[in-house]
Amino acid sequence: MSKRYEKSEALLDLTLKSIPLGTQTFSKSTTQFPRGVSPYFIQKGKGSQVWDVDGNQYTDFINSLAAITLGYNDPDVDAAVKAQMEDGVIFSLAHPIERIVAEKLIEMVPCAEKVRFGKNGSDATAGCVRLARAFTGRDRIAVCGYHGWQDWYIGSTARNRGVPKATRELTHPFQYNKIETLDELFRKHPGEFAGVIMEAKNSVDPIPGWHESVKELTHKHGALLIFDETITGFRYANGGAQELFGVTPDLASFGKGLANGYPVSAVVGRGDVMKLMEEIFFSFTFGGETLSLAAAGATLEKLRTKPVIKTMRENGERVKKLVAERIQRYDLGETLSISGDPTWSFVNFLEHPKTSPWITKTLFLQEMLARGIMILTTHNMSYAHTDADIDGLTNAYDEVLPMISEGVRTGTVEKMLKCKPLEPLFKLR
Ligand SMILES: Cc1ncc(COP(=O)(O)O)c(C=O)c1O
């Protein structure tokens, strides 16, 4: 085991005694970070940088699973949270800040006529789904992308242990850019779909007219269109993917970047549908927690007054370009590809006769992490990334991709691992 991660490893062993998986979030666990060549605990962050418990410094391209858009410890967000803390966190009645943030969302997001807050993205997607079911009086839901941990969605994936069969049977995946797969669902269950929920775009670009055709087909069958903007919101554009693509859904869920890492999410949408929030049950103790709402208010203000998205987009374009160039330069076109929005670009690991995607990914992570690049397989850009950060990323790619190339050429990728390869996982995107 590398000395570099000595404290992380010891702490992981200790933590596993009290916390299954050693973390609260699947994507921060040993299922994603190969054991022996990864850190497991971060002590602190500032801007684009984080420090693990061994004192190693990284430029972060995970950014807390895309929840950080402004950078860690953004001074304006911190100031808003501290000011609110003076008054208190949560009370026995609603706090005026709820309306202030709701109004900001209504101004910024095209489909938002009314707003309710949750804590995690999963609260918001589940809220949208319950609303769609209540509004239409129907049960089935079509899904495209990842939509969180709750029964209604995760039951449709391979990681569905613990979800009742009756629930699983109501959720139906369809394929991105393949309208016939959605059409087939509607034909198979006429009049039974309450809603279609999708990530407007994740790793693949939409074909021309994709969102329009999904909206038209969904409405033709009397269902509601829901955009899951948990990641795309306040990342692709100030008004989310719906603004970027010019297609307004009936409902949308937001989370992640809404408050630069503070735990708050939102269900927004058409007034007549949102009115049903008064009849369904969408209610929890911490729904109006004010520190996160103060953070959301400051984050939204910064998005409106500073070139946050423009900067993330420009730096992200540079990242996509430099990776694409190097994939060519190091003859890795059959092993790797790069895709997605510049603010959230994906390194794709391809099936190859001389290596598996999981083995290649393990080597990639082993070497990028060793060079101070905190990455899974996406570049989640933040406003805090600097030119020097992008130069550091370029240098890392310039060292790591030739290694992978040599490994693939000689069929020795697995031999280059200092750890066991990652186990293949259920794929969501
Ligand atoms: C598109 C999308 N929807 C929903 C969720 C669930 O959000 P949370 O993990 O905050 O519950 C996620 C989380 O990664 C997501 O990426």
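A polar contact is a pair of N or O atoms within 3.5 Å. With that term in hand, the tour can begin; the structure on display is a predicted model.

**First stop: the ligand**

Select the ligand, then serine 122. An oxygen atom of the ligand lies 2.6 Å from an N or O atom in the side chain of serine 122. Next, add tyrosine 146, where a polar backbone atom is 3.2 Å from a nitrogen atom of the ligand. Then add threonine 230: an N or O atom in the side chain of this residue is 3.2 Å from a nitrogen atom of the ligand. Taken alone, the ligand exposes 390 Å², and the protein buries 85% of that.

To see the whole shell, select Asn120, Gly121, Ser122, Tyr146, His147, Gly148, Glu199, Asp228, Thr230, Ile231, Lys256 and Arg429, which surround the ligand. Colouring this shell by residue class will show two nonpolar, six polar and four charged residues.

**Second stop: threonine 230**

Keep threonine 230 selected and display the backbone on either side. Threonine 230 sits in the loop between β8 (224–228) and α10 (240–245). Is threonine 230 buried or exposed? Threonine 230 counts as buried because its relative accessible area is 11%, where buried means under 20%.

Now show the side chain of aspartate 228, which makes a polar contact of 2.5 Å with the side chain of threonine 230. Aspartate 228 also belongs to the shell around the ligand. Beyond its neighbours within four places in sequence, threonine 230 is in contact with Gly121, Thr125, Ser253, Phe254, Gly255, Lys256 and Gly257. Of these residues, Gly121 and Lys256 may already be in view, as they are among those surrounding the ligand.

**Third stop: threonine 171**

Move to threonine 171, which is placed in strand β6 (residues 171–173). Threonine 171 is buried, with a relative accessible area of 5%. Which backbone oxygen does the side chain of threonine 171 reach? Select tryptophan 152 to find it: the distance to its backbone oxygen is 2.5 Å. Residues up to four places away in sequence aside, threonine 171 touches Ile141, Val143, Trp152 and Ser156.

**Fourth stop: an open sheet**

Switch to a cartoon view and locate the four strands that form an open sheet in the order β1-β2-β3-β13, with mixed pairing. The edge strands are β1 (42–46) and β13 (373–374), each of which pairs on one side only. Strands of a sheet pair through backbone hydrogen bonds, either parallel or antiparallel. Strand β3 (residues 57–60) pairs with β13 in the parallel sense, over two bridges. Select aspartate 60 and methionine 374 together: methionine 374, in β13, stands opposite aspartate 60.

**Last stop: two asparagines with positive phi**

Most residues other than glycine have a negative phi. Two asparagines are worth selecting in this respect. Asparagine 73 has a positive phi of about 55° and is found in the loop between α2 (63–66) and α3 (75–87). Asparagine 177 also has a positive phi, near 65°, and its place is in the loop between β6 and α8 (179–188).

Their exposure may be read in turn. Asparagine 73 is partly exposed, with a relative accessible area of 41%, whereas asparagine 177 is buried, with a value of 17%.

Terms used: Residues are numbered from 1 along each chain as its sequence is written. This is a predicted model: local features need pLDDT of at least 70, side-chain atom pairs count only at pLDDT 80 or more; totals for chains, interfaces and linings use all residues. Side-chain values use heavy atoms; hydrogens and water are left out. A residue is near a molecule or strand if one of its heavy atoms lies within 4 Å of it. A polar contact is a pair of N or O atoms within 3.5 Å; within protein, one must be able to donate a hydrogen and the other to accept it, and residues adjacent in sequence count only if both atoms are side-chain atoms. Accessible areas come from the Shrake-Rupley method with a 1.4 Å probe; for residues, only the protein chains shown count as cover. Ala, Val, Leu, Ile, Met, Phe, Trp, Tyr, Cys and Pro count as nonpolar, Asp, Glu, Lys and Arg as charged, and the others, Gly among them, as polar. Buried means under 20% relative accessible area, exposed over 50%, partly exposed in between (1.4 Å probe, protein chains only). Contact means heavy atoms within 4.5 Å. Two strands pair if DSSP finds at least two bridges between them.
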